[in-house]
Amino acid sequence: MIKQGDRFTSLDLQQSMREICSYDMHKYINQKQSDTIVAIGNCAIAPSKCTPDEYAKTCIRGYADIPSSAKHLDQQLIDKGFKTTRKFSYRYRNGGLGSEQIVYDAYRLDWFFQIYQTAMPREQYQDEYIKALDDAFHISCYYAQYLWAQNYRITRDIAKALNRPDASQWAQIISVLLGIGFQFHPHDVYEYAIKHTSPDITQKQFNARHAEQLAFKNEMRNNYGINTGCLVLSPQSREKLRKIVTRTDTPYCIQVIKNVVLGHNR
């Protein structure tokens, strides 16, 4: 198990994932007080009644129609004849971890977060229950830090916002892992994980931001036949996409020159 101050590799992360997923959490959970159901796509599952792997596989099946909304958006623009160097997906350096593995691990870590949110321990196993969740939270942090280190230039704002997180920011950490696994653009990962999943956001603020995203999604679908999927787009991405579909963006030849000379849009 990775501990604070350790040097670690992707192999160490995978070993730590195996260790936490082998914990006998069902033994520690008071099932009578832990019957919350989570809706995933068109199905529902009780985290306290399944394993991390079962939960992860359910999430992947539930959201399997569009493996990556960002890559799907890029393909739609190509299919509709829009020429742009801007990619709404991003090829992260994963340090030996595949994108599918990151998504799978993020959902397994989300299982522990759901248990933290909804389950109660058996009194005689309270210490073991707390230790297991504490281990899972810290592995979530180390996992994110490992990916940030591989992509420091482009993820430093995300890393700065989640510097020394506590359990109230666990959902944000998992959102970042999923965003990187699904190859969403760093601007959009920041928008969702830091601004929309923030523990400090009020319900009124969340509703306003959700309404703003929904209005843009409807605008793209109704006016241009573009499906942005599950993407929570940053202001920069929304502005760019609007310019692309209205053909008011910088001429493509100029974009290409800037891309070559300045190395934009990896």
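How many aromatic pairs does the structure hold? The structure, which is a predicted model, holds 10 aromatic pairs. Before turning to individual rings, it is helpful to survey the fold as a whole.

The protein has 12 helices and 2 strands. Read from the N terminus, two helices come before the two strands, and the helices that follow run on to the end of the order α-α-β-β-α-α-α-α-α-α-α-α-α-α. A compact globule of 266 residues would have a radius of gyration near 18 Å, and the 20 Å of the protein agrees with this. Along the principal axes, the C-alpha trace spans about 65 × 40 × 30 Å. Buried residues make up 46% of the 266 residues. Of the contacts with a separation of 6 or more, 71% are accounted for by residues 24 or more positions apart.

The surface may be described in similar terms. The protein exposes about 14,200 Å², and carbon and sulfur atoms supply 50% of that area. There are 34 positive and 27 negative charges, and the mean positions of the two sets are 9 Å apart.

The aromatic pairs offer a way into the interior. A pair of aromatic rings is described by the distance of the centres and the angle of the planes. Among the 10 aromatic pairs is the one formed by Phe-8 and Tyr-142, which is tilted, with 5.9 Å from centre to centre and 55 degrees between the planes. This pair links distant parts of the chain, since Phe-8 belongs to the segment before helix 1 (10–21) and Tyr-142 to helix 6 (residues 126–150), 134 residues apart. Phe-8 is partly exposed, at a relative accessible area of 22%, whereas Tyr-142 counts as buried at 11% relative accessibility.

Tyr-28 and Tyr-125 form another tilted pair, with a centre-to-centre distance of 5.7 Å and 40 degrees between the planes. Here too distant parts of the chain are linked: Tyr-28 is in helix 2 (residues 25–28) and Tyr-125 in the loop between helix 5 (99–118) and helix 6, 97 residues apart. Tyr-28 has a relative accessible area of 15% and is buried. Tyr-125, at 21% relative accessibility, counts as partly exposed, because buried means under 20%.

Ring pairs also join Phe-113, Tyr-116, Phe-137 and Trp-170 into a cluster. Within this cluster, Phe-113 has its place in helix 5 and counts as buried at 11% relative accessibility. Not counting residues up to four places away in sequence, Phe-113 touches Trp-170, Ala-171 and Ile-174. The C-alpha atoms of Phe-113 and Ser-140 are separated by 9.8 Å, and these two residues are 27 apart along the chain.

The loops on either side of helix 8 deserve attention next. Gln-169 is placed in the loop between helix 7 and helix 8 and counts as buried at 16% relative accessibility. Beyond residues up to four places away in sequence, Gln-169 touches Ala-161, Leu-162, Arg-164 and Pro-199.

Phe-184 lies in the loop between helix 8 (170–181) and helix 9 (186–196). Is Phe-184 buried or exposed? With a relative accessible area of 13%, Phe-184 is buried. Once its neighbours within four places in sequence are left aside, the contacts of Phe-184 include Ser-68, Ser-69, Ala-70, Phe-88, Tyr-90, Tyr-92, Gly-179, Val-189, Cys-230 and Leu-231. Ser-69 is 115 residues away from Phe-184 along the chain, yet their C-alpha atoms are separated by 7.9 Å.

Helix 9 contributes its own buried residues, namely Pro-186, Asp-188, Val-189, Glu-191, Ala-193, Ile-194 and His-196. These buried residues pack against helix 7 (152–161), helix 8, helix 10 (203–224) and helix 11 (235–245).

Two residues remain to be considered for their backbone geometry. Most residues other than glycine have a negative phi. Gln-183, although not a glycine, has a positive phi of about 60 degrees. Gln-183 lies in the loop between helix 8 and helix 9 and is buried, with a relative accessible area of 17%. Arg-247, likewise not a glycine, has a positive phi of about 55 degrees. Arg-247 is found in the loop between helix 11 and helix 12 (252–262) and is exposed, with a relative accessible area of 58%.

Notes
Residues are numbered from 1 along each chain as its sequence is written. This is a predicted model: local features need pLDDT of at least 70, side-chain atom pairs count only at pLDDT 80 or more; totals for chains, interfaces and linings use all residues. Side-chain values use heavy atoms; hydrogens and water are left out. Helices (H or I, at least four residues) and strands (E, at least two) are DSSP runs, numbered from the N terminus. The radius of gyration is taken over C-alpha atoms; the globule rule is 2.2 Å times the number of residues to the power 0.38. Buried means under 20% relative accessible area, exposed over 50%, partly exposed in between (1.4 Å probe, protein chains only). Contact means heavy atoms within 4.5 Å. Accessible areas come from the Shrake-Rupley method with a 1.4 Å probe; for residues, only the protein chains shown count as cover. Lys and Arg count as positive and Asp and Glu as negative; His and the chain ends are not counted. The place of a charge is taken as NZ of Lys, CZ of Arg, CG of Asp or CD of Glu. Rings of Phe, Tyr and Trp (its six-membered ring) pair if their centres lie within 6.5 Å; planes under 30 degrees apart count as stacked, over 60 as edge-to-face and the rest as tilted.
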